[in-house]
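Reader: I'd like to learn how to read a sheet and a core in a structure. Could you walk me through one?

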Amino acid sequence: KDVEDLFDKLSQQNIAIQVLVNNAGCFAIGTTDLKLDEFHKLLDTNLLGPYNMIKGVLPIMKKQHSGHIINIGSIAGNHAISGIGGYSASKYALRGFNDSLFKELSPYGIKVTSISPSVTDTDMSTDFPGFKDGEKIQTQDIAKTVVFLLSLSGSASIQDIEIYNSKMIAHATKGQSLPID
């Protein structure tokens, strides 16, 4: 309701919104061993949060016939990773939503992009097993990617950008799973 009220007020004031970046996220280890409330938290944060923000901003962007929605997804939402199936499911769902919007909103002049990084140096990954901080993608790399997307001409659209760190590439090329537990 708060999100809906916010966008109603912005619309009434004729405030233009050119960019929405959905960056909230949460992480949990587990697949079917997740408690139901943990799985709900993943879906609420990683899928329903962006859904509510997009639903709120769309009337404004459609009216102005422009805008760019950027969803911060995850490599785990593009390529399943053993041991984090609940998280992967929530990010796969976001990716599917993103891909549908990419096609649906293009006629309105609205771009939709998913940025899918691997392990990124945030509070969420502080205790992520198998990765030291220096091996993680830096948050400024994500910010630079957003700036790059916004610098493109109106005729250029990118649906998804995958950002890997070197440790993820090494595991992927050897056909190995990442150690999660």
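**Reading the sheet and its cores**

Author: Gladly! Keep in mind that this is a predicted model. Let's begin with one pair of strands: strand 3 (residues 110-117) and strand 4 pair in the parallel sense, over four bridges. Within strand 4, Ile161 is the bridge partner of Ile115.

Reader: What is the strand order of the open sheet?

Author: The four strands run in the order 1-2-3-4, with parallel pairing. Strand 1 (19-22) and strand 4 (160-163) each have a single partner strand, so they stand at the edges and one side of each is left without a neighbour in the sheet. On average, neighbouring strands are turned by 15 degrees against each other, direction ignored.

Reader: Which strands does helix 3 touch?

Author: Helix 3 (residues 85-105) packs on the sheet and touches strand 2 (67-72), strand 3 and strand 4. The direction of helix 3 makes about 155 degrees with that of strand 3.

Reader: Now for the cores. Which residues touch the most other members of the largest nonpolar core?

Author: That core has 14 residues, and Ile17, Val57, Met61, Ile69 and Leu105 are the ones touching the most other members. Helix 1 (2-12), helix 2 (36-64), helix 3 and strand 3 each give two or more residues to this core. Helix 2 provides the largest share, five residues.

Reader: What is Ile69 in contact with, leaving aside its neighbours within four places in sequence?

Author: Its contacts include Leu20, Ile54, Val57, Met61, Leu105, Ile110 and Val112, and also Asn22, Lys111 and Thr113. Apart from the largest core lies another core of nine residues, among them Ile70, Ile142, Val146 and Ile161. You have already met Ile161, as the bridge partner of Ile115.

Key: Residues numbered from 1 in each chain as written. Predicted model: local features only at pLDDT ≥ 70, side-chain atom pairs only at ≥ 80, totals over all residues. Heavy atoms only, no water. Pairing = 2+ DSSP bridges. Axes fitted to C-alpha atoms, helices over the stretch in contact; angles between N-to-C directions. Contact = heavy atoms within 4.5 Å. Core = buried A, V, L, I, M, F, W, Y, C linked by side-chain atoms within 4.5 Å. Buried < 20%, exposed > 50% of the residue type's maximum accessible area, 1.4 Å probe, protein only.
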